[in-house]
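Reader: I am a first-year student, and I would like a close look at the aromatic rings here. Could you take me through them slowly and explain each term as it comes up?

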Amino acid sequence: FAMHIIIPAVAAFLTVLAYSQLFQIVCPRRVVWCVLGTLLFLCTNGEAHASFGNFSFVRLHQGKGILVSILIPLIVGYSISFALRPNARTWLLLALSQAAAVGLTPTAVWVVPVIAFLGLLACFDLLGGRVVKVFPAGVLSSIYPLIVGIYMKLTIKMPASVFSNKLTWEQLFHYLGAYALGRTGFVLLILLCLLATWYFAYEHLARRICLVFP
């Protein structure tokens with residue numbers, strides 16, 4: 001009951017708050033419209049097993065769904081907040097959000113350091129002379145997931161059969177279509193957003209994010 005009723009309901013509420021906080025940092029003058037657009041997309045995009053929509057409100061009873069829907073927007077926002085206002089509070093929020101993500105799913109050990117790094121990278125040219133101090137400190141916030149990842153690598157032995165087949169480009173595009181992006185007009189919409197959103201972003205910070213994260 002808790003896993004399928006209580007946790008998804010609470011996570012859905014926190015998803016809205018997480019995106020609200022992110023958009024308050026990135027595009028503060030259009031928070032409501034950005035949140036509504038995101039929620040509309042997540043509620044309609046669900047044709048593929050691992051689509052953005054299915055990994056959101058459909059699968060909030062799973063750790064990966066909560067990671068994608070709540071923790072990743074928070075980590076993006078916290079990494080930007082730390083880059084713009086480096087202090088103990090913003091660093092701690094960035095570090096603790098990554099630690100919380102690791103508690104949800106092992107996938108977080110490689111996902112969240114990449115997300116945090118990209119958030120810092122989006123603010124790189126805004127740091128000026130502070131980059132020498134701020135950037136290494138921001139990267140250091142990922143020490144917990146990195147330590148857990150190294151420990152898992154050294155202690156968990158995977159069967160050789162898992163790595164026996166090489167992934168071809170044909171298989172990759174098949175998996176992207178069948179399991180992630182789907183095969184309808186949503187593919188074109190997602191690609192358009194990835195490639196062209198930066199052009200329509202009126203805030204300089206939002207434009208950098210739209211360029212760095214894809």
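Author: What follows is a walk through the aromatic pairs, and then a charge placed over a ring. This is a predicted model, in which local features need pLDDT of at least 70 and side-chain atom pairs count only at pLDDT 80 or more, while totals for chains, interfaces and linings use all residues. Residues are numbered from 1 along each chain as its sequence is written, and side-chain values use heavy atoms, with hydrogens and water left out.

The structure holds nine aromatic pairs, where rings of Phe, Tyr and Trp (its six-membered ring) pair if their centres lie within 6.5 Å, and planes under 30 degrees apart count as stacked, over 60 as edge-to-face and the rest as tilted. One of them joins phenylalanine 124 and phenylalanine 135, which meet edge-to-face at 5.4 Å centre to centre with 80° between the planes. Because phenylalanine 124 lies in the loop between helix H5 (108–122) and helix H6 (131–140), and phenylalanine 135 in helix H6, the pair ties together parts that are 11 residues apart in sequence; helices here are DSSP runs (H or I, at least four residues), numbered from the N terminus. Phenylalanine 135 is buried, with a relative accessible area of 14%, whereas phenylalanine 124 is partly exposed at 40%; buried means under 20%, exposed over 50%, and partly exposed in between (1.4 Å probe, protein chains only).

Phe41, Phe52 and Phe186 form one aromatic cluster. Finally, the charged end of arginine 59 sits over the ring of phenylalanine 55, 4.1 Å from its centre, a term that requires NZ of Lys or CZ of Arg within 6 Å of the ring centre and within 35 degrees of the ring normal.

Note on methods
Helices (H or I, at least four residues) and strands (E, at least two) are DSSP runs, numbered from the N terminus.
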